[in-house]
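Hi,

Here is the structure I said I would pass on to you. Have it open while you read, and my notes on what turned up in it follow below.

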Amino acid sequence: MKIANASAQLPKAATGIEGLDEITGGGFPARRPTLVCGASGCGKTLVAIEFLVRGATQFDEPGVFMMFEETADDLAVNVRSLGFDLDALQAEGRIVLDHVHVERSEIEETGEYDLAGLFIRLGHAIDTIGAKRVVLDTLEALFSGLRNEAVLRAELRRLFRWLRDRGVTAVITAERGDGRLTRYGLEEYVSDCVVLLDHRVDENVSTRRLRIVKYRGSLHGTNEYPFMIGERGVTVLPITSLRLDHTASTERVSTGVAGLDEMLGRQGVYRGSSVFVTGTPGTGKSSFGAKFVDAGCARGERAMLFAFEESAAQMTRNMASIGVHIEPWVLQGLLQIHASRPTLHGLEQHLMLMHDAIKAFKPSLLVVDPISNFTVDLDDVGMKSTLMRLIDFVKHQEITAMFTDLCVDTGALLANTQLGVSSLMDTWIALGNFESNGERVRTVQVLKSRGMPHSNQIREFEIGPQGVQLFDIVVAGNRVVTGRERVAAHSRGADNAVQTP
Amino acid sequence: MKNDVPVEYQLRLYVAGQTAKSQAALLNLRQVCETHLAGRYTIEVIDLLLTPKLAAGDQILALPTLVRKLPQPLKRLVGDLSDEERVLVGLDIQPVAKRAAS
């Protein structure tokens with residue numbers, strides 16, 4: 001979708017908020033007001049302050065934040081968790097914070113008046129630092145403070161004309177009304193661009209969503225986009241439906257298990273692809289994850305492991321028993337392990353934490369082990385959507401990611417969730433574990449691997465102190481033999497070791 | 001115990017230049033003060049067009065605004081002060097009975 005034409009006609013002010021500039025095709029309309037509305041607690045103030053702070057720090061546009069409800073100190077404390085130091089920015093003269101106190105009981109109206117004081121204060125603040133951006137948060141406080149609505153509305157009309165004359169890009173916040181966009185109809189005055197924020201709880205998952213209700217003169221994404229508020233500010237996640245334009249690398253990455261690489265077109269998986277590893281308990285999923293990470297770190301790549309079943313120490317110990325030593329990688333700063341119980345946070349929180357961790361560490365390899373206990377409900381729509389967002393994000397970063405998942409039923413290879421989730425994955429490796437002749441035989445097969453020829457065979461493998469090793473396929477008397485039979489046939493010399501096709 | 005010391009009023013009128021409203025406010029204010037606070041008041045007029053920085057200090061939003069700095073507590077009146085009753089109530093002034101014209 002080309003947005004270039006529209007942006008050539010309508011200048012935009014980049015917000016610097018991740019994902020938002022993408023959806024709006026460049027940012028908010030420059031030198032015009034934008035309305036950001038939503039219920040209390042949606043994140044309006046945070047979006048507004050980030051717009052201002054990034055304007056000052058990234059785009060050399062100083063800004064004025066005029067607040068009618070919070071005090072400047074409250075705001076500074078609230079946004080410190082986003083990594084914004086408002087005090088420093090004020091000291092440097094890049095932003096001005098002005099708290100306008102409006103208290104109805106303190107105001108005795110004795111005759112005619114207008115809101116010239118507001119204009120003078122705002123004008124003075126703008127002039128003091130040469131501001132190009134202004135935030136008014138939230139103008140509605142004026143309605144509760146001043147009785148004379150006629151005067152107020154006339155002055156608001158005047159204010160928006162004034163803002164336009166001043167040539168500042170303004171963000172106005174307002175609370176959602178019942179059945180209307182805003183409680184006091186502010187959308188009447190601010191009609192160039194309207195953004196609606198939402199915070200809802202869907203099947204126990206809390207999600208924040210953003211929607212561009214209106215953007216005059218510009219193409220924009222019309223969907224609802226999930227967004228998160230994390231340690232570095234607001235991040236809007238454009239869902240895959242907007243652009244399926246990840247670059248497709250032709251480079252291959254080893255899975256860390258030689259035999260498996262062989263099955264995958266002899267080279268392994270594509271860089272930036274998503275790998276699904278499923279199997280019943282005890283089939284060795286985590287071991288594959290560990291080998292993948294181990295091989296990557298040995299190549300000098302950075303890897304990140306999200307463990308949702310075992311602690312980092314447990315993982316380290318268990319992996320050491322199969323000859324995979326991950327501690328040196330951790331010490332060298334090549335590997336980061338994040339372990340937590342999935343029930344500790346909501347899905348949204350998880351996504352956010354993973355997102356922040358990935359952005360900070362910038363790994364090229366990722367393992368999420370497992371994804372299965374995120375939710376108790378096997379048919380969870382929310383989980384698929386969350387996974388989709390994670391995978392999309394990960395692909396955009398060109399990270400090769402491996403996700404392990406538990407099958408509950410040994411017979412059924414394709415559980416409900418897996419059917420849905422597997423469509424998001426490029427490569428699907430199914431681990432099995434069947435009983436044969438009084439012993440359990442481990443098997444691995446490649447169910448699918450997009451973009452490459454792959455083996456269709458079920459291979460036997462073992463996990464031991466040397467790690468994960470696939471056995472050659474041994475045929476004796478017209479059928480593949482496994483376990484003890486294989487060993488016996490091999491030693492008899494009555495076998496034909498078959499190369500994987 | 002009777003308090004015989006007259007309370008001194010310190011009033012500050014914020015305006016934005018010479019407009020009809022600001023002039024009306026000043027006129028009305030002087031009248032009220034002369035009538036009810038004779039000899040114990042001071043009026044300071046602050047033109048925010050000249051000194052915009054002062055608007056933030058006393059939290060001025062609407063203009064004209066009259067701020068009673070003394071006696072405490074701080075009181076704020078908004079408007080051109082044409083409603084005398086509101087002004088008296090707002091400033092907490094005991095109205096002096098008007099002397100009958102002789």
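The buried residues of helix H6 in chain A are covered by several elements, including strands E4 (63–67), E5 (95–99) and E7 (133–137) of chain A. Helices H7 (140–145) and H8 (149–166) of chain A are also among them, and chain B joins in with its helix H2 (54–57). Keep in mind that this is a predicted model.

So how much of H6(A) is buried? Eleven of its 14 residues are, so the helix is largely enclosed by the rest of the structure. If you want to click through some of them, try Leu118(A), Phe119(A), Ile120(A) and Leu122(A), which are among the buried ones. Arg121(A) is on that list too, along with Gly123(A). "Buried" here means under 20% relative accessible area.

As for its geometry, H6(A) covers residues 116–129 and reaches 20 Å from its first C-alpha to its last, close to the 20 Å expected at 1.5 Å a residue. Right after the helix comes Gly130(A), with a positive phi of about 65 degrees.

Now for the place where the two chains meet. On the chain B side, 25 residues are in contact with 23 residues of chain A. The area buried between the chains is about 2000 Å², and carbon and sulfur atoms give 59% of that. Which three residues supply the most of what chain B buries there? They are Gln59(B), Leu61(B) and Val78(B), which together supply 34% of the area that chain B buries against chain A, more than any other three residues.

There is some polar pairing across the interface as well. One salt bridge turns up between the chains: the side chains of Lys21(B) and Asp114(A) meet at 3.7 Å, N to O. The count of residue pairs in polar contact between chain B and chain A is 13. On the side of chain B that touches chain A, H2, strand E4 (75–78) and helix H3 (84–91) of chain B each supply at least two residues.

Last, a few notes on chain B as a whole. Chain B has three helices and four strands, in the order β-α-β-α-β-β-α from the N terminus. Of its 102 residues, 41% are buried. Take the contacts in chain B between residues at least 6 apart in sequence: 65% of these join residues at least 24 apart. Chain B exposes about 6100 Å², with carbon and sulfur atoms supplying 53% of it.

Have fun looking around!

Conventions:
Residues numbered from 1 in each chain as written. Chains lettered and ligands numbered in written order. Predicted model: local features only at pLDDT ≥ 70, side-chain atom pairs only at ≥ 80, totals over all residues. Heavy atoms only, no water. Buried < 20%, exposed > 50% of the residue type's maximum accessible area, 1.4 Å probe, protein only. Contact = heavy atoms within 4.5 Å. Areas by Shrake-Rupley, 256 points an atom, 1.4 Å probe, with all protein chains shown as cover. Expected span 1.5 Å × (residues − 1). Buried area = accessible area lost by both parts, 1.4 Å probe. Salt bridge = Lys/Arg side-chain N within 4 Å of Asp/Glu carboxyl O. Polar contact = N/O pair within 3.5 Å; in protein donor to acceptor, adjacent residues only side chain to side chain.
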